[in-house]
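Reader: I would be grateful for a close examination of the salt bridges in this model. Which side chains pair, and where do they lie?

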Amino acid sequence: MKIIVTDEVTDEGLALLQRDPRVTLDIRLGLSKAALLDCIGEYEAIITRSGTTVDKALLDAATKLKIVARAGVGIDNVDVDYASSKGVIVVNAPFGNTNSAAEHTLALLLSACRHIPAANASLKAGEWKRAKFTGVELKGKVAGVIGLGKVGGRVATRLKAFECEVLGCDPYIAAKRAQDLGVRLVGLDELCQTCDIITVHTPLNDETRGMIGDPQLTRMKPGVILLNVARGGILEEGPLLEALKSDHVALAAVDVWSEEPPATPLLKELIAQERLVVTPHLGANTQEAQVNVAIDVSREILNHLDRIPMENAVNLPRFDPAVMDQMRPYFKLMAVLGEFGLQLMKGNPDRITFGFDGAIAHHDCSPLTVSGLAALLDRVADQPVNMVNAGLVAERMGLVVEERKSTQGGAFSNLVTLKLDGPGGSRVISGTLFEGSPRIVGLRDYAMDFMPEPHMLLLSYQDRPGMIGKIGTVLGQHDINIAFMNLGRREKKGEAMVVLSVDSPVPPAVVAELCRVTEATFAQALHLPSA
């Protein structure tokens, strides 16, 4: 895999990739947009931070691109939707800098409360002014944390250590999470009206953009202390400037900006405010955080190469980490069922149903559904299909995709069934895992039991004496050796279905000859990935 690194990323993380013989790593910092567009077509992965914009133009030029790796939490600079439509995986490092961002929040809060930047500048200028820098304590204050994710949760814990009463606003967390943090959950209006200190820790999206604007600032208590160490654009900067000027906001601290670097007159005027403490997006800028995020995204790229499900892909369905190891082998089974089903199907399907029976049905099976869909569509679509864009491609093709689950597994503790419906009829294939390897245990309503092999032959015919001998004779005449045979039938001398594993491919002419001698109602040579 050829990888380009376009922003500063620590050597410790890149070392993981440099040691892998499958990887060619090009570190090309400071490229102009034109230069990047000119060369990006050579690469299968790009590692960036916030300095590179991965937009539609870049994604269109990156004809070989498989992964965008953002060495950090935010993905504002990546057009994730368009990347998904192209089948490009977007990964980030959501946990590597959480502690760094939480600590920076408290550093800014304490700096604002104790006027540390101004006091530092005053003393360095030769002054000795103490009364001017009288501060406020955190103890006894009511602090509001908007967003109780990884960073917000850590901030809440640290505020409690300073003996603050902490309120939280986050519609997407369980009440138990807030209880574990010792935080009382409230709505945004109540938080704004109640708190002495308010700090924002949400992602930037359509829901949170401009979330703290003039209406919310107006509801806040006079003398409130306000912080944004999350993403520029969540806290509207124009209303904040006016609130600082009117003393409605007593103190504020901002690390992130709607424009970086800030250049507009409004932002320059805001930054110049004496009671605003500012930093140039330093929340994740610690040695430890930079190492952590670089290692995290490098590991994700290696996971992709090793065909291991990624934990931090923002546009891939995820397994619960607690069951990841248990579920991973099913990806191979889904690929086998897809390969088998499509080769048995006459024409393209218009409805695909994935069934999950037994213990597996207790879990979220949607990642398996998506991986199975990707395996199917990659053979029939006019573009590469993977777990990122499988749903989009299926929708564009007009396919109906369904998922069925039952905790009753019958004879198997876990059973996965694929049903394909189309103009040529239906095909049903069932499989399970045996000692971690895929096995086919059902075709249509026949009970079977065989491991998929690279070269196979399936025949359906009226069972009568001598049929197996005829099949063996024809194959022997063409020097095709049978490795094993699995026979399924419902009744004596009724319809039978036989699956043969052979050592070499069965040519179409031989399949036609077998049809003649057995009067087969269905015959298909198969080529499958080996287990």
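Author: The following account takes the salt bridges one pair at a time. The model is a predicted one, and the count of salt bridges in it comes to 22.

One of them joins K33 to D55, with the closest N and O atoms 3.0 Å apart. Because K33 belongs to helix 2 (residues 33–39) whereas D55 sits in the loop between strand 3 (45–48) and helix 3 (56–61), this pair ties together parts that are 22 residues apart in sequence. K33 has a relative accessibility of 36% and therefore counts as partly exposed. D55 is likewise partly exposed, at 24%; the limit for a buried residue is under 20%.

A further salt bridge is formed by the side chains of K56 and D60, at 3.0 Å from N to O. Here both partners lie in helix 3, four residues apart, which is about one turn of the helix. K56 is partly exposed at 43% relative accessibility, and D60 is partly exposed at 32%.

R184 and E190 supply another pair, their closest N and O atoms being 3.2 Å apart. R184 has a relative accessibility of 41%, so this residue counts as partly exposed. E190, with a relative accessible area of 35%, is also partly exposed.

Finally, salt bridges may link several residues: D20, R22 and D306 are connected in a network of them. As general background, side chains of opposite charge can pair when their charged atoms come close.

Conventions. Residues are numbered from 1 along each chain as its sequence is written. This is a predicted model: local features need pLDDT of at least 70, side-chain atom pairs count only at pLDDT 80 or more; totals for chains, interfaces and linings use all residues. Side-chain values use heavy atoms; hydrogens and water are left out. A salt bridge is a side-chain nitrogen of Lys or Arg within 4 Å of a carboxyl oxygen of Asp or Glu. Helices (H or I, at least four residues) and strands (E, at least two) are DSSP runs, numbered from the N terminus. Buried means under 20% relative accessible area, exposed over 50%, partly exposed in between (1.4 Å probe, protein chains only).
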